[in-house]
Amino acid sequence: MSETVDVVVVGMGPGGEAVAEQLAEAGLAVVGVEAHLVGGECPYYGCVPSKMMVRAADALAEARRVAELAGTASVTPDFAPVAARIRAEATDSWDDKVAVDRFVGKGGRFVRGHGRLTGPRTVAVEAPSGERTEFTARRAVVLNPGTDPAIPPIPGLADSPYWTNREAVAVEQAPESLIVIGGGTVGLELAQAFARFDTRVTVVEAAERLLPMEEPESGDLVAEVLRDENVTVRTGARITAVRHDDAGFTVDVDGHQVTAQQVVVATGRRPKLADLGLDVVGLDPTARFLDPDERMRIADGVYAIGDVTGHGAFTHVSMYQANIAIRHILGQDGPPARYHAVPRVTFTDPEVGAVGLTEAQARQQGLTIRIGTAAVPSSARGWIHKAGNQGLIKLIEDAARGVLVGATSVGPHGGEVLSMLALAVHAGVPTDQVRQMIYAYPTFHRAVEDALATLG
């Protein structure tokens, strides 16, 4: 069968879902195509369920701090309420009926299946039954295929029942012991959350520091906190083999054997490009990422948004790009895409928030920079907070222009403190103006004022 519509959206993750819904509401004939779950990784396997785990784990940690601050408390971890909440409130037991009905209710047409470009503005969809339907779009095809967990080629790993984040958020009880392969955002959030439910956790990271894409101070501080919570942290480590039997997993790390009931692989994401038919619009299907222009176009009438554009596997980036694509498809004016102030948060305790360039990236770009730092525990609120007050502020200023080009906020509510720094980087607010603000006392963001005083 072949049909003509206005827009075809391939991949209904957060950004694709937003594009499809808003264009349908605008009166266009929109077909949304998704092979798995409408809503994508974030509500079912990523940010939403994992943060429910983090919130519960943080409550346990805070209760354990009572003895240092306010008396005594007895804590008995129980993962069952977390698992129940994830099923009931976040995922509907991994059923997307509510999301599908919402889209259809806005006037869209949903097709379950795998979508592939077969010509300019033409998409063939193969349903699970094998039935094939072809849609030609009068206005646009929007590609939002997302990413899958990247699995490293470690001998024995592929043949073992390892977890990724998808399996980890679906468990009904915390494992007795866990090896986390990967010390980035996903790995550390899961590692700390399970550890606070009394799982014995080992984190293995190939880079010399945890959070290798962030400031070194951030990774070092989180490693210190994790070790204080009895998590074993091994950085600069090489895994040579993984074995599994009835007793669990054995992982060979730098000539030593580490054992655990379960392994989580958290070594990044890989874009799903190979089966999109990109060659029919003159693009390389083996490319690492797609490279849309400032209006999110990759070819005439074809747009790409989300993780596959290489600007970070973040829901907020996908939604930002979705809005740009929506405006352009509707012929509306609006600012082009800019990525100089992308915020990112690792929801460990302490939270690690960052925006813009790191110090190393700024130097690589040849900028003349000034650095300002402050320790959160020495700030007014940090000193009052006491238990669980680890953190830091780090500012990167382009000295020639007198504006911040990057910043890091680590500490309690570090992601929230980041918001003022993200605004400063995004808008190019002169550093002198940021310095002259009135900072409410006593708040965590007063540490920003302390860091500004050290710029030099």
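## Reading a pocket, a helix pair and a small sheet

Guide: Welcome! Keep in mind that this is a predicted model. Let's start with a pocket: helix 3 (residues 47-64) gives the most to the lining of the second largest pocket, with five residues.

Visitor: What volume does the second largest pocket have, and which residues are closest to its centre?

Guide: Its volume is about 360 Å³. The lining counts 17 residues, and D58, E62, D349, P412 and H413 are the closest to the centre.

Visitor: How many of the lining residues are nonpolar, polar and charged?

Guide: The second largest pocket is lined by seven charged residues, along with five polar and five nonpolar ones.

Visitor: On to helices. At what angle do the axes of helix 1 and helix 6 cross, and are the two parallel or antiparallel?

Guide: Take the angle between the axes and compare it with a cut-off: under 35 degrees counts as roughly parallel. The axes of helix 1 (residues 14-25) and helix 6 (residues 97-105) cross at roughly 30° and come within 8 Å, so the two helices are roughly parallel to each other.

Visitor: Which residues make that contact?

Guide: Helix 1 brings E17, A20, E21 and A24, while helix 6 brings A99, R102 and F103. By class, the contact has four nonpolar and three charged residues, with no polar ones.

Visitor: Now the strands. How does one read a sheet, and in what order do strands 11, 12 and 13 stand?

Guide: In general, strands of a sheet pair through backbone hydrogen bonds, in a parallel or an antiparallel way. Here three strands form an open sheet in the order 11-12-13, with antiparallel pairing. Strand 11 (239-245) and strand 13 (256-260) are at the edges with a single partner strand each, so one side of each has no neighbour in the sheet. From one strand to the next, the twist averages 20°.

Visitor: How many bridges join strand 12 and strand 13, and which residue takes a positive phi in their hairpin?

Guide: Strand 12 (residues 248-253) pairs with strand 13 over five bridges, in the antiparallel sense. One of the bridge partners to look up is Q257 in strand 13, which is matched with D252. The hairpin has two residues between the strands, and D254 takes a positive phi near 50° there.

Technical notes: Residues numbered from 1 in each chain as written. Predicted model: local features only at pLDDT ≥ 70, side-chain atom pairs only at ≥ 80, totals over all residues. Heavy atoms only, no water. 1 Å grid on protein atoms, 1.4 Å probe; cavity = no way out; pocket = protein on both sides within 12 Å on 5 of 7 lines; lining within 4 Å. Points joined across faces, edges and corners; volume = space filled by probe spheres on them. Helix = DSSP H or I, 4+ residues; strand = E, 2+ residues; numbered from the N terminus. Nonpolar A, V, L, I, M, F, W, Y, C, P; charged D, E, K, R; others polar. Axes fitted to C-alpha atoms, helices over the stretch in contact; angles between N-to-C directions. Parallel < 35°, antiparallel > 145°, perpendicular 65-115°, else oblique. Contact = heavy atoms within 4.5 Å. Pairing = 2+ DSSP bridges.
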